[in-house]
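Please read the points below with the sequence and the model side by side, taking them one at a time.

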Amino acid sequence: MKTRLLTLLLLCCGMTAFAQSDYYERKAKDYLKEAKYYLDKAESYDREATYYNNKAASYLSEADYYTRNGKYDKAIDNAKWAIDAADNAKTQAKWANDARDNARDQLRWAKDALDKAKR
């Protein structure tokens, strides 16, 4: 009877340890999934920033063209649009950096969870 009770007790302890390990492995997997999401968002924001930078360059080129041809109202409009596009690019770049920071945090948490799973 004592051996059965002792075996049952050891089995329960072993299952608890396994359940904890499995929990941390699942958490690590979830953190990795979130990190991938944030990295994908960062890439998307980078593409948008590039788009807006190209748009700003195009507007500046147009402003230069209109300035050379004496159409100053159109040149001013294009210069304003270039400033707006540059601001949008700056915002997108900031969001990309924030997304990368979030991904870095998720990866750190995944590492911590895997370290706990190994214990």
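1. Among the contacts in the chain that link residues at least 6 apart in sequence, 80% join residues at least 24 apart. Please keep in mind while reading that the model is a predicted one.

2. The secondary structure of the chain consists of 2 helices and 0 strands. Of the chain's 119 residues, 18% count as buried, and the area that the chain exposes comes to about 9,300 Å², with carbon and sulfur atoms supplying 56% of this area.

3. Arg 104 is a useful residue to look up, and it lies in helix H2, which covers residues 72–118. Its relative accessibility is 53%, and because the cut-off for an exposed residue is over 50%, Arg 104 counts as exposed. Although Arg 104 and Ala 35 are 69 residues apart in sequence, their C-alpha atoms are 7.1 Å apart in space.

4. The count of aromatic pairs comes to 7. One of these is formed by Tyr 37 and Tyr 38, whose ring centres are 5.3 Å apart and whose planes stand at 70°, so that this pair is edge-to-face, given that planes over 60 degrees apart are placed in that class.

5. Are the two tyrosines of this pair, Tyr 37 and Tyr 38, buried or exposed? Tyr 37 has a relative accessibility of 45% and therefore counts as partly exposed. Tyr 38, at 21% relative accessibility, also counts as partly exposed, because buried would require a value under 20%.

Methods: Residues are numbered from 1 along each chain as its sequence is written. This is a predicted model: local features need pLDDT of at least 70, side-chain atom pairs count only at pLDDT 80 or more; totals for chains, interfaces and linings use all residues. Side-chain values use heavy atoms; hydrogens and water are left out. Helices (H or I, at least four residues) and strands (E, at least two) are DSSP runs, numbered from the N terminus. Buried means under 20% relative accessible area, exposed over 50%, partly exposed in between (1.4 Å probe, protein chains only). Contact means heavy atoms within 4.5 Å. Accessible areas come from the Shrake-Rupley method with a 1.4 Å probe; for residues, only the protein chains shown count as cover. Rings of Phe, Tyr and Trp (its six-membered ring) pair if their centres lie within 6.5 Å; planes under 30 degrees apart count as stacked, over 60 as edge-to-face and the rest as tilted.
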